[in-house]
Amino acid sequence: IRAEAPGAAPMALARAAYARVARTILGDGPFFEDASQVLSRGRGSRLLVLKAVLELLGLEVRVAVVRPFGADPSFHRFPNPGLYSAPVLRVRAGAEVAWLDPSTRQNPFGAIPGWLAGCEALVLPQAGEPPLLDRTPERAIEEDGREIAIRVALAADGTGELTGTDRYRGVLGAMLKSQLEPLDQGQRRQ
């Protein structure tokens, strides 16, 4: 991973680790498995493996559970775990902080779903640290979007040729790609 990172900047290491884990760990899985089990199988929770790798690289990384806007907003002295339904990683490298959601394998680095932007996040502490209440970034680093380009060419005899591209960006694009990956070439063409 250090060889893949351009320079020795901590965020460059985090980007390289994120890309390597996305290539190596297929599928997603339960949160209670050990990172070494997931790594040896090549399937399971990318979040756990990424956290372990980033810690080995010397970065400050914490699991944060996010309370989406759709969850009950009222104060709870002992909140139900279902209120904080989205686990993500909060990585600090010097003054830089990146929020990572490796749940979808092809998610761009630092991209979190729009429904998690600007939400309350409970950062789970390491031993001896106090819990921290934080907020996810107000805007996604890479906005979700869709671009369509269509070209129609008509011939003199009335026939025509239609070509086009349909491009998806951000988390939306990553989710679509993860749905298309398991399909074979014939199914994709269809």
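Three short exercises on a predicted model follow, each with a worked solution.

Residues are numbered from 1 along each chain as its sequence is written. Local features need pLDDT of at least 70, side-chain atom pairs count only at pLDDT 80 or more, totals for chains, interfaces and linings use all residues, and side-chain values use heavy atoms, without hydrogens and water.

**Exercise 1.** Work out which strands stand at the edges of the sheet.

Solution. Strands (E, at least two residues) and helices (H or I, at least four) are DSSP runs, numbered from the N terminus. Two strands pair if DSSP finds at least two bridges between them. The open sheet has 5 strands in the order E3-E2-E1-E4-E5, paired antiparallel. E3 (96-100) and E5 (132-135) each have a single partner strand, so one side of each lacks a neighbour in the sheet. The twist averages 35° from one strand to the next; angles run from 0 to 180 degrees between N-to-C directions, with axes fitted to C-alpha atoms, for helices over the stretch in contact.

**Exercise 2.** Describe the E1 and E2 pairing, then place helix H3.

Solution. E1 (residues 60-67) and E2 (residues 86-93) are antiparallel over 7 bridges. Ala64 stands opposite Val88 in E2. Helix H3 (residues 46-56) packs on the sheet and touches E1, E2 and E3. Its direction makes about 15° with that of E2.

**Exercise 3.** Is Phe69 buried or exposed, and what is it in contact with?

Solution. Locate Phe69 in the loop between E1 and E2. Its relative accessible area is 59%, so Phe69 is exposed (over 50%; buried is under 20%, partly exposed in between; 1.4 Å probe, protein chains only). Leaving aside neighbours within four places in sequence, Phe69 is in contact (heavy atoms within 4.5 Å) with Trp115, Ala117, Gly118, Cys119 and Arg135.
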